[in-house]
Amino acid sequence: MRSLQGLKVIVSRACSTAQSAPVIAAKHPFKVELKAGKLYPWCSCGHSKKQPFCDGSHRKSAPGLAPVRFTLTEDKEAWLCGCKQTKNPPYCDGTHKQSHVQNYNLEPNQ
């Protein structure tokens with residue numbers, strides 16, 4: 001458990017021996033309203049069509065990755081990472097502003 005801006009955040013991540021690299025889903029974070037006590041699955045692979053949340057796409061597209069599941073202890077507005085490069089998952093840390101993200105070619109349907 002870690003504390004983030006005075007809130008208790010419980011984060012769990014499934015472990016795997018295989019490593020897949022996440023793809024950049026968006027060059028910006030997603031502003032979301034989060035409810036206390038609800039379990040949220042943040043997409044860590046970048047393949048989900050329900051960004052920033054997981055839709056199970058990692059099972060086929062990135063089997064070495066799993067969603068970051070988290071729960072808040074109180075309601076909160078948050079910016080969740082869209083580039084999947086954050087050092088503070090699931091929260092945006094500004095990495096999307098770096099050139100390797102901004103120069104990344106997103107798929108045409110994104």
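Let me start with a definition: a residue is buried under 20% relative accessible area, exposed over 50%, and partly exposed in between, using a 1.4 Å probe and protein chains only. Take R69. This arginine has a relative accessible area of 36%, so R69 is partly exposed. R69 sits in strand β5. Its C-alpha atom is 9.6 Å from that of F53, and the two residues are 16 apart along the chain.

Now, what are we looking at? This is a predicted model, in which local features need pLDDT of at least 70, side-chain atom pairs count only at pLDDT 80 or more, and totals for chains, interfaces and linings use all residues. Residues are numbered from 1 along each chain as its sequence is written, and side-chain values use heavy atoms, with hydrogens and water left out.

Next, the overall layout. The protein has two helices and six strands. Both kinds of element are DSSP runs, numbered from the N terminus: helices are H or I with at least four residues, strands are E with at least two. Starting at the N terminus, the order is β-β-β-β-α-β-β-α. The protein has 110 residues, and 41% of them count as buried.

Let's go inside. In soluble globular proteins, nonpolar side chains tend to be buried together. A nonpolar core here is a set of buried Ala, Val, Leu, Ile, Met, Phe, Trp, Tyr and Cys residues joined through side-chain atoms within 4.5 Å. The largest one has 16 residues. Which of them touch the most other members? They are V32, L34, W42, F70, A78, L80 and Y91. Four elements give two or more residues to this core: β3 (30-34), β4 (40-42), β5 (68-72) and β6 (76-80).

Two of those names come back when we turn to aromatic rings. Rings of Phe, Tyr and Trp (its six-membered ring) pair if their centres lie within 6.5 Å; planes under 30 degrees apart are stacked, over 60 edge-to-face, and the rest tilted. The whole structure has three aromatic pairs. Ring pairs join Y40, F53, F70 and Y91 into a cluster.

On to the cysteines. Call it a disulfide when two cysteine sulfur atoms lie within 2.5 Å. How many disulfides does the structure hold? Zero. C43 is in none, and its nearest cysteine sulfur, on C45, is 3.8 Å away. C83 is in none either; the nearest cysteine sulfur belongs to C81, at 3.7 Å. Are these two residues buried or exposed? C43 has a relative accessible area of 2%, so C43 is buried. C83 is at 2% relative accessibility, so C83 counts as buried too.

C45 also has a partner far along the sequence. L65 and C45 are 20 residues apart in sequence, yet 6.1 Å apart in space, C-alpha to C-alpha. L65 lies in the loop between α1 and β5. L65 is buried because its relative accessible area is 13%.

Now some backbone details. The peptide bond from Q51 to P52 is cis, with omega near 5°. P52 is in the loop between β4 and α1 (58-61). A cis peptide bond also joins P89 and P90, with omega about 5°. P90 is in the loop between β6 and α2 (99-102).

Stay in that loop. K84 is there. K84 is not a glycine, yet its phi is positive, about 65°. K84 is at 6% relative accessibility, so this lysine counts as buried. G82 is in the loop between β6 and α2 as well. G82 has a relative accessible area of 2%, so G82 is buried. The C-alpha atoms of G82 and P52 are 6.2 Å apart, although 30 residues separate them along the chain.

Last stop: empty space. Rolling a probe the size of a water molecule over the atoms shows where empty space is left. On a 1 Å grid over the protein atoms alone, a cavity is a set of points where a 1.4 Å probe fits but cannot get out, and lining residues have an atom within 4 Å of a point. Points are joined across faces, edges and corners, and the volume is the space filled by probe spheres set on them. How many cavities of 30 Å³ or more does the search find? One. The largest cavity has a volume of about 40 Å³. Its lining includes C81, G82 and C83. The lining residues divide into four nonpolar, six polar and one charged. In that count, Ala, Val, Leu, Ile, Met, Phe, Trp, Tyr, Cys and Pro are nonpolar, Asp, Glu, Lys and Arg are charged, and the others, Gly among them, are polar. That's my tour.

Notes: 1 Å grid on protein atoms, 1.4 Å probe; cavity = no way out; pocket = protein on both sides within 12 Å on 5 of 7 lines; lining within 4 Å.
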